[in-house]
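Colleague: Could you take me through one part of this model in detail? I would like to hear about the salt bridges, and then whatever you can tell me about the residues and helices around them.

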Amino acid sequence: MNVDEVFEFYRTEFVPAYSDLVGYIGDKPRQMVIELENTFAHISQYFNPELDIQDKNMNLVKAHDHLVRATLDCYKLLWVIIH
């Protein structure tokens, strides 16, 4: 996993799911904001010059995991609201 892949996932998977949810319900669910905040925190640690490469990579994986979780939550919440 590299940082470009994380941002590619953000653009191609998360943003469409988040846009569909926010557009449909007209609100930004609190949990999505929390997941984005957590993603950003881990990405910032990836760029922390005081961390070794292993810790940087661990934070990058965690950032990606938060984005995956947020994407799935968007679809799950949208599905629940529609049905």
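Modeller: Gladly! The count comes to three salt bridges, and please keep in mind that this is a predicted model.

Let me begin with E8 and R11, whose side chains meet in a salt bridge at 3.0 Å, N to O. These two residues are three apart in helix α1, so about one helical turn separates them. An α-helix has 3.6 residues a turn, so residues three or four places apart point the same way. E8 counts as partly exposed because its relative accessibility is 38%. R11 is partly exposed too, with a relative accessible area of 49%.

The next pair is R69 and E35, where the salt bridge has an N to O distance of 3.4 Å. R69 belongs to helix α3 and E35 to helix α2, so this pair ties together parts that are 34 residues apart in sequence. R69 is partly exposed, at 38% relative accessible area. E35, by contrast, has a relative accessibility of 5% and therefore counts as buried, the cut-off being under 20%.

The remaining pair is K76 with D73, their closest N and O atoms being 3.6 Å apart. Both K76 and D73 sit in helix α3, three residues apart, or about one turn of the helix. K76 is exposed, with a relative accessible area of 52%, whereas D73 counts as buried at 17% relative accessibility.

Now back to α1, which runs over residues 3-25. At 1.5 Å a residue, its 23 residues should span 33 Å, and the end C-alpha atoms are 31 Å apart, which agrees. You will still notice a bend of about 40 degrees in α1 at F14, with a proline, P16, following within four residues.

Which residues of α1 are buried? They are V3, V6, F9, F14, A17, Y18 and L21. Helices α2 (30-46) and α3 (53-82) are among what covers these buried residues.

F9 is a good residue of α1 to zoom in on. With 18% relative accessibility, F9 counts as buried. Leaving aside residues up to four places away in sequence, F9 touches F14, H64, L67, V68 and T71. As for distance to I34, F9 is 25 residues away in sequence and 18 Å away in space, C-alpha to C-alpha.

For a view from α2, try H42, which has its place in that helix. H42 is buried, with a relative accessible area of 17%. Beyond residues up to four places away in sequence, H42 touches N59, K62, A63 and H66. H42 and M58 are 16 residues apart in sequence, and their C-alpha atoms are 8.7 Å apart in space.

Finally, have a look at the surface. Y24, I81 and I82 form a nonpolar patch there, with about 300 Å² of accessible area together. Y24 is a residue of helix α1, while the range of α3, 53-82, takes in I81 and I82.

Key. Residues numbered from 1 in each chain as written. Predicted model: local features only at pLDDT ≥ 70, side-chain atom pairs only at ≥ 80, totals over all residues. Heavy atoms only, no water. Patch = residues over 30% accessible without salt bridge, like charges linked within 9 Å, V, L, I, M, F, W, Y side chains within 5 Å. Areas by Shrake-Rupley, 256 points an atom, 1.4 Å probe, with all protein chains shown as cover. Salt bridge = Lys/Arg side-chain N within 4 Å of Asp/Glu carboxyl O. Expected span 1.5 Å × (residues − 1). Bend = angle between axes of the 7 residues up to and from the residue. Buried < 20%, exposed > 50% of the residue type's maximum accessible area, 1.4 Å probe, protein only. Contact = heavy atoms within 4.5 Å.
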